[in-house]
Structures are given as C-alpha cells and as structure tokens.
Amino acid sequence: MRILSFTGGAGEMYCGSCLRDNALAAALLARGHDVVLTPVYTPTRTDERNVSRAQVFFGGISVFLEQQVPLFRHTPRVFDRLWDAPWVIRLASKRQIKVDPKSLGEMTVSMLRGEHGFQAKEIAKLLEWLRSEPRFDVINLPYALLLGLAEPLRRALKTPICCTLQGEDLFLDGLGAAYRGECLSLIRAASVHVDAFLPVSEYYRDFMPGYLGVPREKMHLVPLGINMDGYGARPARTSQPFTIGYLARIAPEKGLHVLCEAYRMLRERTRGEPARLAAAGYLPPEHQPYLDEIRRTLREWGLEREFEYRGEVDRAEKTAFLQTLDLFSVPATYEEPKGLFLLEAFASGVPVVQPRRGAFPEMVSKTGGGVIVDADDPAALAEGYLALWRDPARRASLGRAGAVGVREHYDVDRMAEAAERAYQWAGSLAGR
C-alpha cells in the first residue's frame, strides 16, 4: 500500500505519540509499504531513526499567526516559506512556550472547522502538494483533533481516511466546558468522513465511541507496539539499594506526587534499609514548580537524598536507566489509554506496580509483568511495592513474564499487522 500518515510534532519533547507513529511507519516501510510520514505543527523528535519528512504542514508558527492576526490568513506563500521552514520552527520550539490546553481552545475549534477555520490557507497548501503526489491508498490522521482535514482530503483525493485515537480526552477535558462541547460537536460532524478509527488499546476502543459520539463499528484496534532492539533483561543486582523508577513526562496527571507519597509510606515500614526513588522524563517549563514542590515535600519527610531526577533521556540513556531499576511505577491520575512506558519496562524485564485505570490492567494482564492495585490509593501502591521488595523470586518471575509477554503481544510488527488490516478494511469499505 501507499500510505500517507500524519504525525503531530511536539517540538523539542520526546512525545509518546510521536514515538509510536514513527515506529509504526518504520515497521510498515520494512514490510514493503510505501509510507510517507508527514509532521504537522513541528518537526518530530524520536529516539529511533526518524523516518518522517522534513517538510512540516500546518507549521506551528503559521497556525498561531493565522489564529491571532487576520492579515496572516492571506499572506503570499513566499512569506509563509520563512516561518514554515523546519529550522525556524525548531528555533521557536526551543523557547519552550507554554502549551496550556485552556489557552488553545480557540485554536483547536478553528482547526476542527477545517476549511471554515482560520487555518484554511494551510489546507489549501496541503491539497496543492497532494495533487502533485502519486495517489495514496489510505490517509491516516494522528488524532481526532485534526478531523477538520477529513472532509477536504476525502473530497479532493477520494481516498479512505483513518484516524488514530491516542489520548484526545485528556486534552479535550482540559479545555473547559464550552470549548470541549464545541470540539466534540465538530468531531462528531467530521466523523462521517472517516472510514476507520484506530484506538491504541482495548480500553480506548470501548471508551471512545461514547465519548466522541462516533459509531463503535468504525473502531479497529491497533495496539501499541515498540521496537525491542536495545532492550534486554535486567542483570541480577544484590548490592545496590532497592530502586523504584518512574519514566514519563513530569506532570501532575502522570502521578509522580502519588508515587512519592506511596514511597514515603513504604519507607516508614523499611526504615534503615537502603532504597532509592529515581525519575526521568521531559519536564515542561510550566511544571517546574510542580517538581520543586515534590522536592520540598521529600525534604520535609527526610527523603530528599533518596530521590534523583535524571531529566529527559534519549534511547541509550533510557535503556540504561531501566536496567538500574528493581520496580517500575507511573501512577497516573487519569485514564491513560497508552502507557508506552510500561512496554519499555516490560521489555527490560522490570516488574511494574500500576493503578487499576485506563489501559494499565489489560497491559499487565496480557504480559503478566506486574501487579495492579486500587487507583488513587498511595497506601495500596505502597503495599504493592513492599510485597515485591520482600519477594525477590516473585519480582524475577514477573520480570521474566513481562519480557516474554511484551514481545508476544506488543512487538512493533504486531502493531504494523493490525494497522495493515485496518487500512485494508477501510479501503474495501470505501470501494463499496
């Protein structure tokens, strides 16, 4: 198949959705398909070979200027080329502009209005480029927030449209009631132009039809998958402190503060025994006070010296970091539909303790690589941590099961196979 796949760039951040989209495109290319992976908003940053194009559509600077200043909705293309240049967008991304969903409500609505929004000129640019390209067999949008493109793409190209679903509800719920309601209404209206929605987990497949108001029969599961290269079983460790690890964005919704509270409870019952809490992941500038407050609280508890924040890590640093852990936990405070970090922990043979929410139970159940406890309950997490600390044989057994299970159920080739089936189904439906 010839596949056009869009991916939403996240500036200078390693983004789970970008990593997933790039891994899928690379796997499909390896399977002989002709895949064009095209960034929107900003170039993508990945920790594997980046297979996306250099050209960025809906450049973040253009989209912002067109939203804020009517003049820029009509400027000649020669001017647009300057601020659409990837190096200019990268330079702007390094300024780490705050991306609060509430401040993006109007822009999200405008993008969902498609050709009736302030970014209509960007759609015209995209369609002009597509008319010069060989025909695509299927087009994949990266999330429902770009469904304003579905109708113009389908009308101009007569090509099946698919849309990945991978975390839209967290963003939409953060917009506020008015913007959220308008966005959901626009998504429902645009969904008639989509042949298949591709949720990344069973949880999301079951949840999103009701949330978005789209038909369940359009849902085709394409579960997450990762490239296992570089991940290996954690070597046996006997002399180091018992280490609990966290690898995710540093943000309240990911639950680092919950992990710290559970760690405090754990240390009340293991006083005098060596232990360590290690965290890594991207820190958005707006969440620096959140991390500062965590450090202040740990200092009050007398645990600051046991905590280490490693910062954002690349692939080599990530795999090395996971090798140092005895236990892994990211107690998210929302219904996480992805959990790419769990697959990385499983692949490294590290057992996990996770709350019962979102996609976590199905991932642990399929791999056998960890323990599920009650959500929003630091005491339950602490009990899970303690149980595995006191039972090295069970830790090792869970680690081995996770390493085998993730390769059986969440390998990147399985993700590619599921995407192929969904694309073929969408093509057969569009042909009727």
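Is Phe58 buried or exposed? Phe58 counts as buried, at 2% relative accessibility. Keep in mind that this is a predicted model. The protein chain holds 18 helices and 11 strands. Its radius of gyration is 22 Å, close to the 22 Å that the globule rule gives for 432 residues, so the chain is as compact as a globular protein of that length.

**The overall picture**

- Taken along the principal axes, the box filled by the C-alpha atoms of the protein chain is roughly 70 × 45 × 35 Å.
- Of the 432 residues in the protein chain, 58% are buried.
- Take the contacts between residues at least 6 apart in sequence: 73% of them join residues at least 24 apart.

**Surface and charge**

- About 17,600 Å² of the protein chain is exposed, and 53% of that comes from carbon and sulfur atoms.
- On the charge side, you get 55 positive and 54 negative side chains.
- The centres of those two sets of charges sit 1 Å apart.

**The loop between S2 and H2**

- Phe58 has its place in the loop between S2 and H2.
- Phe58 is not a glycine, yet it has a positive phi of about 55 degrees.
- Tyr41 is found in the loop between S2 and H2 too, and its phi is near 75 degrees, again a positive value in a residue other than glycine.
- Phe57 also belongs to this loop, which runs between strand S2 (34–40) and helix H2 (60–68).

**Aromatic pairs**

- Searching the whole structure turns up eight aromatic pairs.
- One of them is Phe57 with Trp129: the ring centres are 5.1 Å apart and the planes are at 45 degrees, so this pair is tilted.
- That pair ties together distant parts of the chain, with Phe57 in the loop and Trp129 in helix H6 (residues 120–131), 72 residues apart.
- Phe57 and Trp129 are both buried.
- Tyr204 and Phe207 make another aromatic pair, this one stacked, at 6.4 Å centre to centre and with 25 degrees between the planes.

**A ring cluster around helix H10**

- Why are Tyr204 and Phe207 separated by about one helical turn? Because they are three residues apart in helix H10 (residues 202–212).
- The partners differ in cover: Tyr204 is buried, with a relative accessible area of 0%, whereas Phe207 is partly exposed, with a relative accessible area of 29%.
- Buried means under 20% relative accessible area, so Phe207 at 29% does not make that cut.
- Ring pairs also connect Tyr204 and Phe207 with Tyr203 and Tyr211, giving a cluster of these residues.

**Ser397 and helix H17**

- Where does Ser397 lie? Ser397 is in helix H17 (residues 392–409).
- Ser397 counts as partly exposed, at 36% relative accessibility.
- Gly349 is 48 residues from Ser397 in sequence, while their C-alpha atoms are 9.3 Å apart in space.

Notes: Residues numbered from 1 in each chain as written. Predicted model: local features only at pLDDT ≥ 70, side-chain atom pairs only at ≥ 80, totals over all residues. Heavy atoms only, no water. Helix = DSSP H or I, 4+ residues; strand = E, 2+ residues; numbered from the N terminus. Rg over C-alpha atoms; globule rule 2.2 N^0.38 Å. Buried < 20%, exposed > 50% of the residue type's maximum accessible area, 1.4 Å probe, protein only. Contact = heavy atoms within 4.5 Å. Areas by Shrake-Rupley, 256 points an atom, 1.4 Å probe, with all protein chains shown as cover. Lys, Arg positive; Asp, Glu negative; His and termini not counted. Charge placed at Lys NZ, Arg CZ, Asp CG, Glu CD. Phe/Tyr/Trp six-rings, centres within 6.5 Å; stacked < 30°, edge-to-face > 60°.
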